[in-house]
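Subject: Structure for you to look at

Hello,

I am handing over the structure we talked about. Please open it first, then read my notes below.

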Amino acid sequence: MVVKEAAIATVIGQALTFAMSVTYLFRAKNFIINKKSVHLEASILSRIISIGMASLIVQLSIVVISHRQLLWLL
């Protein structure tokens with residue numbers, strides 16, 4: 001039961017943080033979002049993916065191991 005409540009609190013906290021961030025960004029006078037300012041360059045995107053891939057693999061392996069251990073305990 002404690003895990004469920006912690007998960008609910010986490011989701012609520014993430015939602016509030018998202019709402020506050022979006023509110024701030026749209027009220028800021030020097031921050032403009034338009035199609036021209038939001039574009040992806042292949043070279044930058046490939047660098048981001050290559051840097052983040054190791055962390056992604058670690059996080060996925062933790063989820064898989066935890067899930068298997070949970071199933072084994074049941």
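The chain has an accessible surface of about 7400 Å². Carbon and sulfur atoms account for 72% of that surface. Keep in mind that this is a predicted model.

Very little of the chain is covered by the cut-off used here, under 20% relative accessible area for a buried residue. Buried residues are 1% of the 74 in the chain.

Next, the fold. There are two helices and zero strands. The radius of gyration is 19 Å, well over the 11 Å that the globule rule gives for 74 residues, so the chain is more spread out than a compact globule. Along the principal axes, the C-alpha atoms fill a box of roughly 55 × 30 × 15 Å.

Now helix H2, which covers residues 42-73. Three of its residues are worth a look.

- Alanine 42 sits in helix H2. Its relative accessible area is 63%. The cut-off for exposed is over 50%, so alanine 42 counts as exposed. From its C-alpha atom to that of glutamine 69 the separation is 39 Å. These two residues are 27 apart along the chain.
- Valine 63 is also part of helix H2. At a relative accessible area of 55%, valine 63 is exposed too. Its C-alpha atom lies 24 Å from that of threonine 17. Along the chain, valine 63 and threonine 17 are 46 residues apart.
- Isoleucine 57 belongs to helix H2 as well. Ile57 is one of the residues that make a nonpolar surface patch.

Which residues make up that patch with Ile57? They are Leu40, Leu45, Ile49, Met53, Leu56 and Leu60. The patch measures about 650 Å².

To recap: two helices, zero strands, and a chain more spread out than a compact globule. Buried residues come to 1%. The nonpolar patch includes Ile57, a residue of helix H2.

Best wishes

Conventions
Residues are numbered from 1 along each chain as its sequence is written. This is a predicted model: local features need pLDDT of at least 70, side-chain atom pairs count only at pLDDT 80 or more; totals for chains, interfaces and linings use all residues. Side-chain values use heavy atoms; hydrogens and water are left out. Patches are made of residues with over 30% relative accessible area and no salt bridge: like charges are joined within 9 Å, nonpolar side chains (Val, Leu, Ile, Met, Phe, Trp, Tyr) within 5 Å. Accessible areas come from the Shrake-Rupley method with a 1.4 Å probe; for residues, only the protein chains shown count as cover. A salt bridge is a side-chain nitrogen of Lys or Arg within 4 Å of a carboxyl oxygen of Asp or Glu. Helices (H or I, at least four residues) and strands (E, at least two) are DSSP runs, numbered from the N terminus. The radius of gyration is taken over C-alpha atoms; the globule rule is 2.2 Å times the number of residues to the power 0.38. Buried means under 20% relative accessible area, exposed over 50%, partly exposed in between (1.4 Å probe, protein chains only).
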